[in-house]
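Hello,

Here is the structure we talked about, for you to open before reading on. My notes follow below it.

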Amino acid sequence: MDLRFYNSMGRELQDFVSVRAGKVGMYGCGPTVYNYAHIGNLRTYIFEDILRRVLEFAGYEVTHVMNVTDVGHLTDDADDGEDKMEKSARESGRSVWDIAEMFTGAFFHDTERLNILRPSVVCRATDHIAEMIGLVSRLEERGFTYEAGGNIYFSIDKFPAYGRLALLDSQRLVAGARVEVDAGKRNPHDFVLWFTRSKFENQTMVWDSPWGRGYPGWHLECSAMSMRYLGEQFDIHCGGIDHIPVHHTNEIAQSEAATGKCPWVKYWLHGEFLIMDRGKMSKSRGGFLTLDRLVEEGFSPLDFRYFCLGGHYRSQLKFSFDGLASAASARANLMERISRLDRGSSVSAGDSSCADSSFGEAAAGLLRDFEADIGDDLNMPKALADLWALVKHQDIPDGEKLAAMQRMDRVLGLNLLEARGVEALDSEIEALIQERLGARKAKNFARADEIRDILKGRGILLEDSPDGTRWKRV
Ligand code: AMP
Ligand code: ZN
């Protein structure tokens with residue numbers, strides 16, 4: 001299956017070719033756990049989940065790594081302000097560790113409800129301080145750092161390729177167009193690798209280091225942890241679009257400077273923002289919507305997932321409760337249509353290519369369209385249209401529709417077959433198993449095999465043993 005993605009590095013659509021055959025290493029910047037995730041953050045994680053599912057659909061073995069930022073992320077991305085975790089702890093009267101635990105739990109509760117697959121590796125910044133110190137030491141040995149006022153900085157003037165991702169103009173950077181408050185910086189775009197001097201005296205999260213007791217700069221963790229779990233060069237790095245100018249730009253600089261290998265990451269994918277009528281939704285500015293709030297308003301988390309799939313990840317998506325209500329009613333309509341499909345009809349899904357012979361031409365054609373659309377820079381609005389075309393098709397037998405839908409749902413993650421009611425499905429499975437036993441007793445092996453295939457098509461595997469037949473979902 002062909003895949004092409006819009007690579008922010010170079011700003012163009014590129015065919016996807018993995019670094020190692022059949023495998024993909026993918027890193028997504030995870031949440032800063034000082035508050036609940038807002039639905040804008042969740043849009044970005046849905047996009048990353050779709051990306052991972054598409055890669056797996058295409059047959060890759062994906063290692064998906066996500067960090068949890070529980071230290072070092074200041075209220076301003078460029079080293080100004082207070083540590084977000086410390087601020088949240090101070091305001092709520094709880095310890096930073098309690099805050100981290102509580103909001104990490106809340107985050108994964110949200111992602112589970114949204115059918116976002118859990119990353120293969122979830123790694124906390126505070127568990128990887130040694131790796132971060134190791135990275136700063138490497139940078140120091142290679143001459144990319146300097147010390148000023150107690151902090152260790154990365155010197156962007158030592159790294160001529162600085163700003164490649166963000167298309168920053170290095171001349172302009174040197175001129176220092178941006179207002180910067182940190183007098184210790186030689187270039188205003190230099191960034192802190194290790195803080196020992198904190199503006200806030202009672203900073204609680206501090207560690208010993210060769211440069212004194214302190215804490216890491218925010219950008220450092222993503223370089224240190226991604227390389228720990230994915231190696232010094234890997235396939236895909238993603239996040240929200242706001243990460244391009246500072247966070248990802250700095251991650252690239254420190255990673256490539258430390259290893260001397262370029263490119264550190266082959267493909268950079270960025271999700272556009274979810275916006276409100278008033279503009280960008282943001283955690284730090286307050287007034288944001290959480291998934292719980294949508295649930296309180298009577299929506300299912302999957303309504304929000306469906307809503308997000310209706311927009312392309314590279315376009316801004318405007319959130320409104322009216323828009324969400326339209327998505328919810330479209331999803332209800334879809335699920336209702338699916339529930340009316342004939343459950344008893346024969347299904348044979350097979351596992352691999354869409355063009356497999358168990359589908360007639362119409363269903364196979366729609367599966368091919370679906371495959372082309374998801375492979376074309378994750379065009380989920382078109383993929384949803386393919387799903388609808390399948391459901392509404394007059395000439396495709398119900399069994400084939402169900403089997404094709406089951407395949408599509410591996411990417412969509414909308415629990416489409418649950419529309420048929422899990423309990424109803426279970427008793428139906430039991431009935432088919434009984435019928436198969438009867439067929440075998442009557443030596444009607446053709447029917448017995450047919451029933452096994454029908455169940456296989458629904459993701460049910462039968463295991464015969466002297467004690468009877470057991471089944472499991474796969
Ligand atoms: P944070 O927890 O603030 O580090 O953000 C987590 C992720 O959400 C990052 O990838 C951000 O780029 C992304 N993000 C932040 N605000 C929005 C938004 N309004 N819409 C979509 N993604 C966002
Ligand atoms: Zn990051």
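**Charged pairs**

Arg452 and Asp464 form a salt bridge, and their closest N and O atoms are 3.1 Å apart. This pair links distant parts of the chain, since Arg452 sits in helix α15 and Asp464 in strand β15 (residues 460–465), 12 residues apart. Arg452 has a relative accessibility of 29%, so it counts as partly exposed. Asp464 is also in the partly exposed class, because its relative accessibility is 34%. The pair is part of a network: salt bridges with shared partners join Arg436, Arg440, Arg452 and Asp464.

Please keep in mind that this is a predicted model. As background, side chains of opposite charge can pair when their charged atoms come close.

A second salt bridge involves helix α15 (residues 445–457), where both Glu450 and Arg447 lie. The closest N and O atoms of Glu450 and Arg447 are 2.7 Å apart. These two residues are 3 apart in the sequence, which is about one turn of the helix. Glu450 is partly exposed because its relative accessibility is 36%. Arg447, with a relative accessible area of 24%, is partly exposed too.

Lys382 and Asp373 make another salt bridge, with 3.8 Å between the closest N and O atoms. Are the two partners buried or exposed? Lys382 is partly exposed, at 45% relative accessibility. Asp373 is buried, because its relative accessible area is 10% and the cut-off for buried is under 20%. Over the whole structure, the search finds 25 salt bridges.

**A buried acid without a salt bridge**

Asp190 is found in the loop between α5 (170–175) and β8 (191–195). Asp190 is buried but has no salt bridge. How far away is the nearest side chain of opposite charge? That side chain belongs to Arg186, and the distance is 6.2 Å, whereas a salt bridge needs the atoms to be within 4 Å. What the side chain of Asp190 does have is a polar contact with the side chain of Tyr146, at 2.6 Å.

**The zinc site**

Which residues hold the zinc ion (ligand 2) as protein donors? They are Cys29 and Cys222 through SG, His247 through NE2 and Glu251 through OE, at 2.1 to 2.5 Å from the ion. Along the sequence, the donor residues follow the spacing C-x192-C-x24-H-x3-E. Cys222 belongs to helix α6 (residues 218–230) and Glu251 to helix α7 (residues 244–259), so this pair ties together parts that lie 29 residues apart in sequence. Cys222 and Glu251 are both buried.

The geometry of the site is irregular, as the angles among the 4 donor atoms run from 73 to 129 degrees. For comparison, the ideal angle for four tetrahedral donors is 109.5 degrees.

**An enclosed strand**

Strand β4 (residues 61–68) has 8 residues, and 6 of them are buried, so the strand is largely enclosed by the rest of the structure. Strand β3 (residues 23–28) is joined to β4 by 6 bridges, and the two strands run parallel. One of the residues to look up here is Lys23, whose bridge partner in β4 is Glu61.

Best wishes

Methods: Residues are numbered from 1 along each chain as its sequence is written. Chains are lettered from A and ligands numbered from 1 in the order in which they are written. This is a predicted model: local features need pLDDT of at least 70, side-chain atom pairs count only at pLDDT 80 or more; totals for chains, interfaces and linings use all residues. Side-chain values use heavy atoms; hydrogens and water are left out. Helices (H or I, at least four residues) and strands (E, at least two) are DSSP runs, numbered from the N terminus. Buried means under 20% relative accessible area, exposed over 50%, partly exposed in between (1.4 Å probe, protein chains only). Lys and Arg count as positive and Asp and Glu as negative; His and the chain ends are not counted. A polar contact is a pair of N or O atoms within 3.5 Å; within protein, one must be able to donate a hydrogen and the other to accept it, and residues adjacent in sequence count only if both atoms are side-chain atoms. Donors are N, O and S atoms within 2.8 Å of the metal (3.2 Å for Na, K and Ca); water is not among the atoms, so sites may look incomplete. Four donors count as tetrahedral if all angles lie between 85 and 135 degrees; four count as square planar and six as octahedral if opposite donors are over 155 degrees apart and all others between 65 and 115; anything else is irregular. Two strands pair if DSSP finds at least two bridges between them.
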